[in-house]
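Visitor: Please take one part of this model and go through it closely. I would like the geometry and the reasoning behind each label.

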Amino acid sequence: MITSYKNKIAADFTLSTALLVTVIFFVIYYMVSLAVFNGLQRDIIFEADKHFYEVGVKDGTPYIADKAEWFEREHRELEVNPVFVQITDQNGVAIEKSPNLKQDALSTDLSKKDKVFFRSKLKGLSIAQIQVALKENDKLAGYLVVAIPIAESERVLDTLKSVLLIAFPIVLLVLFFVTRFIAGKSIQPVLSVIDTASKITNENLTARIPLPLGKDELGKLVLTINDLLDRIANAVDREKQFTSDASHELRTPLAVIKGTLEVLIRKPRSAQEYVEKAAYCITEIDRISYLVDQLLLLARFESQKKALDSRSTDLAELTAMILQRQQDHILNKGLSVELETGDQYDVYSDPYMVEIIIENLISNAIKYSDPNESIRIEINKLNSEITYTVIDKGIGIAADEIPKIQEPFYRSNPLQHPDITGNGLGLSIVKRMCELLAIRFEIESQPGAGTKARLIFES
């Protein structure tokens, strides 16, 4: 049973080569056989033509014109392959024959056509012969039969066949082991891949497969596997960080609620104190609920299980709805919001996700703006692109922290602004949704000078 890959390669290669060698051996045998018998056919036709002119027909009976000369020539010539000549009547009965036939005679096959090369037997030996019709006044008088022995030629062909049949399995056997050896050397890097892959576990994602020397398909495979391992390692690291941050964010409000309730039950309190502490706990529970909703939303789009429902969406109308929901927060900080747009700009996208993206940007602008400042929202179209920009005059952020704030749970210098609450999930959700909707997302900001967040839609 063939189990190893190198054995499979060797077997497949040997099988295909066996078919090719079979064809080659058949062609070799056929060409040699054709060459041998073509040569014999030329020789026997030459002999038949030569003797044809020495035979005459008189009164319907064939005869040899100069029998004494013919017999003398037969005795005088030394032939390695003798030529047998026989003259018969129209019924194939021998009339004259060459001395080398002695007591034997050539069998005549009257069914064969004139000068057709065919095989026969003489004293158990193979011969090739032809028959030439002898006629007088277009009337058949007899036949000139010429034959030559072909036993030696058949022996040569039989020897060739035996050599080919013996060489065939030997060649295949040698080919199998040579191919197996070469295949074993060729798949050595694959064994290295298997060995390295077996060492990679969830706790050890740093191991990488060494690159082979040759820049072939195997090298590309190793590069692809190493890239895949890099992506898996990054995903696992992000998963660990996300889990750690999420548990931390959930643990903090739960600890606050637990501490508040423990203090509340230590001794009797007034009704007002119970109401205040209960209201505080409800606020923390709302914070947990909002955090859980954000985590579920992020997890949903990370797995891309939500199907996109793209349709035409009016950005100005969507912005007006969001500003109406955020009105209390805007009034509490004394902010002014200016919506600057020209025509009605519609984008073809998922309205639910676009609403979440824009609401997060406007919510951030309100949250991080200084009191009594202004927020400007611009919707413009240039060529085939629609640009949606939210500009605030808030606390801003350093340029090197802009990539970080797009990661889950990251908040820039939270201790410097304890009055600004949040969980650091808003922009990570914006970034992920923009990737799913093929929206370009850009942030420009300077500390103390405000932030400009820009969405670019392909119209």
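Guide: What follows looks at helix α3 and its aromatic pairs, and then turns to a sheet elsewhere in the chain. The model is a predicted one.

Helix α3 covers residues 151-186. At 1.5 Å a residue, its 36 residues should span 52 Å, and the end C-alpha atoms lie 51 Å apart, which agrees. The helix has a kink of about 25° at Ala 167, shortly before the proline Pro 169. The buried residues of α3 are Ser 153, Glu 154, Leu 157, Leu 164, Leu 172, Leu 175, Thr 179, Ala 183 and Gly 184.

The structure has 3 aromatic pairs. One of them joins Phe 25 and Phe 168: the ring centres are 6.0 Å apart and the planes stand at 65°, so this pair is edge-to-face, the cut-off for that label being over 60 degrees. Phe 168 belongs to α3, while Phe 25 belongs to helix α1 (residues 5-52), so the pair ties together parts that are 143 residues apart in sequence. The two rings fall on either side of the burial cut-off, which is under 20% relative accessible area. Phe 25, at 18% relative accessibility, therefore counts as buried, whereas Phe 168, with a relative accessible area of 21%, is partly exposed.

Another pair consists of Phe 176 and Phe 177. Their ring centres are 5.4 Å apart and their planes are at 80°, so this pair too is edge-to-face. Phe 176 has 21% relative accessibility and counts as partly exposed.

Now the sheet. Its 5 strands form an open sheet with mixed pairing, in the order β9-β11-β12-β14-β13. The edges are β9 (336-341) and β13 (440-446); each has a single partner strand, so one side of each is left without a neighbour in the sheet. From one strand to the next, the twist averages 15°.

At the β9 edge, β9 and β11 (residues 374-382) run parallel and are joined by 6 bridges. Within that pairing, Glu 338 stands opposite Arg 376 in β11.

Two helices complete this description. Helix α7 (residues 315-325) lies across β9, β11, β12 (385-392) and β14 (450-458), and runs at about 165° to β11. Helix α9 (residues 351-368) packs on the sheet as well, touching β11, β12, β13 and β14, with its direction at about 25° to that of β12.

Technical notes. Residues numbered from 1 in each chain as written. Predicted model: local features only at pLDDT ≥ 70, side-chain atom pairs only at ≥ 80, totals over all residues. Heavy atoms only, no water. Pairing = 2+ DSSP bridges. Helix = DSSP H or I, 4+ residues; strand = E, 2+ residues; numbered from the N terminus. Axes fitted to C-alpha atoms, helices over the stretch in contact; angles between N-to-C directions. Contact = heavy atoms within 4.5 Å. Phe/Tyr/Trp six-rings, centres within 6.5 Å; stacked < 30°, edge-to-face > 60°. Buried < 20%, exposed > 50% of the residue type's maximum accessible area, 1.4 Å probe, protein only. Expected span 1.5 Å × (residues − 1). Bend = angle between axes of the 7 residues up to and from the residue.
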